[in-house]
Amino acid sequence: MKSLVLAEKPSVAKEIARVLGCQQKHKHYMEGPGYVVTWALGHLVTLAEPEEYDPKYKNWNLDDLPLLPSRMKLKIIRETTPQYKAIAQLAKRSDLEQLIIATDAGREGELVARWIMEMIHWKKPFKRLWISSQTDKAIRDGFASLKPGQSYDPLYRSAVCRAEADWLIGLNITRALTCKHNAQLAAGRVQTPTLAAMMDREREIKSFQAKDYWMLRAQFGSFQAVWRSQAHPDGRLFDKAAADALLERLNKVRSAKVAQLKVAEKSEPHPLAYDLTELQRDANKRHGFTAKQTSNVLQRLYEQHKLVTYPRTDSRYLSSDMISTLPDRLKALNVQPYAAWIKPLLAKPLPVSKRVVDDSKVSDHHAIIPTDERPQLHNLSAEERKLYDLIVRRFIALFTPAFRYDETSVTLEVGGEHFHAKGRIVKEAGWKALYEASAGADEDDDTAEDEPASRQTLPPLQPGMELKEFRLSQHKQTTKPPGRYTEAALLGVMEKHNLGTPATRADIIEKLLQTDTIERRMNTLQPTGKGAQLIELVVPELRTPELTAAWELELERISKGKGDAGKFMESIRKQTETIVREVKASEAEYKPHNLTHSRCPECGKPLQEIKSKRGKLLVCSDWECAYKRAAEPALSNKRCPQCHKRMEIHTGKAGKYAQCRPCNVVEMLGESGGGGRAAKRQQAQLAKQFSDNVSLGSSLEEALKAAMAKHKKD
């Protein structure tokens, strides 16, 4: 008898099949003496659409809301039907005695497998492969210690609750807002409070009023000190006259006295290992990676290169059973440029502290660390190398000494006023030496600019010592508004308020970007005009992070077998009813923020400018009208013979032509000199290639647009 192994992706299935000795390759599975290995393609099964409950729901109608099916149905995803059918066929084989779930070891992975099992009516025993890396050893060890499938029932219940809650809240609020305001308006359980947090910051920025202030500083030879008083502990004077008077009075003083001197030995322990959110933050700060980019690159390091452990973790600690594996992981890293750090660590027992190993802080998965696979760094892409380097350095730092330094604080008295200075002498660089090449990247973003450098070196000083030579200066500065969120900062806000999980936060940010609710500007994120209006249209309950955070915490309790899935879904249904009722009763109005001065040639209504994957589009603001065209001319592959830039594509009476406006160069497209079939074929290809019938930016936008068109016609 054999076991059926279900992996989440073909690439993972291929590696599992190789380790298990499955050498017979078929289109939809691989087979060996003891195992048949098949795969999903991500999700093969999903929650049914509203129209699959009743055809009337295909048309979006405010009166039909809320949609609250008593029992949620599943459906097979059309695009992946062949793979689903292949798995269903395999399940009927009499020589397969059990199923082994080998999807990703997390909430979504559990859902992928269980929904497939439900649809194919799997009744035989099943077990769970739960591994944190994709190395051959990890796979072999995992199959040697398979877990009972029922042990993960709570995780499955949590996953179902999350999926159904997102369907009920997201679908109902999106349909309600879209129908009510005749516009593409998408909201959701997590994305809306995330947008609300960004709008709160935007309001702070807009209401901020800058003020000038003055700082008084004293230069004592090689070091600098700043004036402070009990009334002004930060040293800022907002009264120019008072600042001038203070400077004038102190300029008459000829000596300064060391009033107080304090030397303290300080240390900074190494940072904790990475979880996904912290890695996304760090990669954004150091390399400008987006959260989604980090997730994608990390997945490749995990699946393809097998160099790191399970990515979607929320723990920053290791479990005690991993201590014996740490030397092998370090040995694998004994390559350039890490060898100089690795060799001393391997020469003696590893210093494993509570900051590294803590079983109480590891749930399903430990922190992200390197595997014992020796890296072939030349096989990694530039972004893979950068991310792997972050993980390796953070891992090595776990076993290096603390950063130790002596900090000297000195208070100097000048004419009865006090000036303060700090100096630092490094005694042991410790783990910070790992980051010398990227100095400053690990510093606190909120370091005050008006503080003199605390890393300055102070000369030998004694209490009561007089300093005769010093120079006073006044510095004018202006208060600054809070900055807009970088992606790293927004991830921190989401983590602080329990918005989403490490696995979903990047997708939430991308969803907000794709629906034109927020936009990237340089390295910051900010709401669009659409987002600013949307947050006012959404019911107050959905704006605050407290409600969503409570839902996330309850989902976590359900996954641990402590929460009640039935009560959770009951609360979601009640909340959905409340949200829809409030949207229906609302008198708020939505005005498209992206209307242009151009008019639709078919109905005369204003055109809206929207972003799509192929550039900007102009779309009619009336959803009954399907008119759309590119906002910017498409570019051909032809280069201008004068400036060598790509030429625009236009259509005239004689057909399509390429034009360089600055140089006034025009060339016909599709001319091959001889006419005939070849020319016609070429023209047909060009017409198809450069047709203005381009799709909108996302499938959600397409769905909203199609639904609104049908809604209007009915």
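Buried here means under 20% relative accessible area and exposed means over 50%, with partly exposed in between. With that cut-off in hand, a look at the charged pairs of this predicted model is straightforward. The structure holds 51 salt bridges. One of them joins Arg-18 to Asp-136, with the closest N and O atoms 2.8 Å apart. Arg-18 sits in helix 1 (residues 10–20) and Asp-136 in helix 4 (residues 136–144), so this pair ties together parts 118 residues apart in sequence. Asp-136 comes out at 24% relative accessibility, so it counts as partly exposed; Arg-18, at 45%, is partly exposed too.

Another long-range link is the salt bridge between Glu-495 and Arg-281 (2.9 Å, N to O). Here helix 13 (residues 487–496) supplies Glu-495 and helix 8 (residues 276–287) supplies Arg-281, with the two positions 214 residues apart. Glu-495 is partly exposed at 28%, whereas Arg-281 is buried at 13%.

Helix 8 also has a pair of its own: Asp-282 and Arg-286 meet in a salt bridge at 3.0 Å, N to O. They lie four residues apart, about one turn of the helix. An α-helix has 3.6 residues a turn, so residues three or four places apart point the same way. Both partners are buried, Asp-282 at 7% and Arg-286 at 18%.

Then there is a network of salt bridges linking Glu-108, Arg-162, Asp-166, Arg-189 and Glu-552. Glu-552 is also among the buried residues of helix 17, as are Trp-551 and Leu-555. The cover over those buried residues includes helix 3 (107–119), helix 5 (153–181) and helix 18 (565–585). After helix 17 comes Gly-561, with a positive phi near 80°.

Terms used. Residues are numbered from 1 along each chain as its sequence is written. This is a predicted model: local features need pLDDT of at least 70, side-chain atom pairs count only at pLDDT 80 or more; totals for chains, interfaces and linings use all residues. Side-chain values use heavy atoms; hydrogens and water are left out. Buried means under 20% relative accessible area, exposed over 50%, partly exposed in between (1.4 Å probe, protein chains only). Contact means heavy atoms within 4.5 Å. A salt bridge is a side-chain nitrogen of Lys or Arg within 4 Å of a carboxyl oxygen of Asp or Glu.
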